[in-house]
Amino acid sequence: MLKLNYQNTRFLISIPSLNYLPKYMNHIQVAFIGRSNSGKSSLLNKLTKQKHLARTSKTPGCTKLINLFEVMKNKYLIDLPGYGYARVSKQDKEHWKVMIIEYIKNNKNLKGLFLLLDINSTINDFDKLIIKLANKKNISLLILLTKADKLNISKRKMKLNSTKEVLSNLITNDNVFVEIVSSIKNIGIENIRQKLNILFQS
Ligand SMILES: Nc1nc2c(ncn2[C@@H]2O[C@H](COP(=O)(O)OP(=O)(O)O)[C@@H](O)[C@H]2O)c(=O)[nH]1
Ligand SMILES: [Mg+2]
């Protein structure tokens with residue numbers, strides 16, 4: 001099986017909208033998506049064993065650009081801007097949402113979507129929309145319950161099960177997985193690398 005060295009991942013470029021995706025990126029893409037502050041940058045750094053690949057922030061809403069990374073030739077990670085942060089106008093929020101939906105609908109190179117949800121949050125309507133859409137397009141969807149270190153083991157399990165139950169009412173095929181992760185306590189990180197290996201092999 002393909003085993004990639006994520007440590008070699010390098011930052012390519014930040015773009016303001018998916019219309020600016022470089023033409024050369026017509027190869028396998030895996031995208032990370034989630035509300036701002038869900039732990040996306042921390043997870044990208046952890047996965048790639050690089051402290052500063054993606055910026056991490058204590059201030060929600062700092063990532064307004066789409067960041068593109070190259071794991072190796074023709075294999076890309078995409079860090080989509082966090083949706084739902086408060087300091088942005090309603091119009092801008094809608095713009096991001098439409099853009100994300102269009103990207104999931106129309107990009108045939110998108111092989112995997114990793115949806116990050118803070119383990120203490122609940123799935124909202126936009127999360128559901130993304131889940132349904134990815135499922136319909138048969139894009140491999142991995143739901144990551146982040147910051148698992150904030151809950152004890154039995155509460156983590158409860159959250160995992162309740163999330164799976166919500167999902168069972170949304171999805172029609174089983175190309176959806178749920179994992180518990182913590183970038184701080186290194187929980188579930190190796191599983192995600194393996195999942196990426198599988199996606200990048202396809
Ligand atoms: N307890 C805990 N906090 C985390 C974890 N990952 C990220 N955080 C914190 O959550 C905040 C937002 O993280 P960041 O990675 O910038 O989220 P992003 O906005 O989704 O990119 C920061 O204060 C991080 O230190 C984790 O695994 N556990
Ligand atoms: Mg970020």
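In this predicted model, the buried residues of helix 1 pack against a long list of partners: strand 2, strand 3, strand 4 (75-79), strand 5, strand 6 (140-146) and helix 5 (189-201). Helix 1 itself spans residues 40-47 and is mostly covered, with 6 of its 8 residues buried. The buried set is made up of Lys40, Ser41, Leu43, Leu44, Asn45 and Leu47, so a lysine, a serine and an asparagine count as buried here along with the leucines. Just after helix 1 comes lysine 49, which has a positive phi, near 50°.

Next, the nonpolar interior. The largest nonpolar core takes in 41 residues, and the ones with the most contacts inside it are Ile66, Ile78, Leu113 and Ile143. Helix 2 (residues 90-106) supplies the largest share of this core, at 6 residues. Apart from that core lies another one, of 23 residues, with Phe32, Leu116, Leu142 and Leu144 among them. As for leucine 113, leaving aside residues up to four places away in sequence, its contacts are Ala31, Ile33, Ile104, Ile130, Ala134, Ile139, Ser140, Leu141 and Leu142.

On to the rings. The count of aromatic pairs comes to 2. One of them joins phenylalanine 11 to phenylalanine 69, edge-to-face, with 5.8 Å from centre to centre and 65° between the planes. Phenylalanine 11 sits in strand 1 (residues 10-15) and phenylalanine 69 in strand 3 (residues 66-72), so this pair ties together parts that are 58 residues apart in sequence. What about exposure? Phenylalanine 11 is partly exposed, at a relative accessible area of 39%, whereas phenylalanine 69 is buried, at 1%.

The other pair is phenylalanine 32 with phenylalanine 114: the ring centres are 5.1 Å apart and the planes meet at 70°, which makes the pair edge-to-face because that angle is over 60 degrees. Here the link runs between strand 2 (residues 28-34), home of phenylalanine 32, and strand 5 (residues 110-118), home of phenylalanine 114, so the parts tied together are 82 residues apart in sequence. Phenylalanine 32 is buried, with a relative accessible area of 0%, and phenylalanine 114 counts as buried too, at 1%.

Two lysines also lie over ring faces. Lysine 97 is placed over the face of phenylalanine 126, at 5.2 Å from the ring centre. Lysine 195 does likewise with phenylalanine 177, at 3.3 Å from the ring centre.

Then there is open space to consider. The second largest pocket comes out at a volume of about 350 Å³. Its lining has 18 residues, of which Leu18, Asn19, Leu21, Tyr103 and Asn107 are the closest to the pocket centre. Helix 2 gives the most to this lining, with 6 residues.

A few polar residues round out the picture, starting with aspartate 127. This residue is found in helix 3 (residues 125-136), and at 0% relative accessibility aspartate 127 counts as buried, because the cut-off for buried is under 20%. Beyond residues up to four places away in sequence, aspartate 127 touches Arg35, Tyr83, Leu115, Leu117 and Thr122.

Asparagine 109 belongs to the loop between helix 2 and strand 5. Despite the loop position, asparagine 109 counts as buried, at 16% relative accessibility. Setting aside residues up to four places away in sequence, asparagine 109 is in contact with Met25, Asn26, His27, Ile28 and Gln29. Methionine 99 lies 10 residues from asparagine 109 along the chain, and 16 Å separates their C-alpha atoms.

Asparagine 169 is also a loop residue, placed between helix 4 (153-168) and strand 7 (176-180). This one is exposed, with a relative accessible area of 66%. From asparagine 169 to lysine 132 is 37 residues in sequence and 9.9 Å in space, taken C-alpha to C-alpha.

Conventions:
Residues are numbered from 1 along each chain as its sequence is written. Chains are lettered from A and ligands numbered from 1 in the order in which they are written. This is a predicted model: local features need pLDDT of at least 70, side-chain atom pairs count only at pLDDT 80 or more; totals for chains, interfaces and linings use all residues. Side-chain values use heavy atoms; hydrogens and water are left out. A nonpolar core is a set of buried Ala, Val, Leu, Ile, Met, Phe, Trp, Tyr and Cys residues joined through side-chain atoms within 4.5 Å. Buried means under 20% relative accessible area, exposed over 50%, partly exposed in between (1.4 Å probe, protein chains only). Helices (H or I, at least four residues) and strands (E, at least two) are DSSP runs, numbered from the N terminus. Contact means heavy atoms within 4.5 Å. Rings of Phe, Tyr and Trp (its six-membered ring) pair if their centres lie within 6.5 Å; planes under 30 degrees apart count as stacked, over 60 as edge-to-face and the rest as tilted. A charge sits over a ring if NZ of Lys or CZ of Arg is within 6 Å of the ring centre and within 35 degrees of the ring normal. On a 1 Å grid over the protein atoms alone, a cavity is a set of points where a 1.4 Å probe fits but cannot get out, and a pocket is an open set with protein on both sides within 12 Å along at least five of seven lines; lining residues have an atom within 4 Å of a point. Grid points are joined across faces, edges and corners, and a volume is the space filled by probe spheres set on the points.
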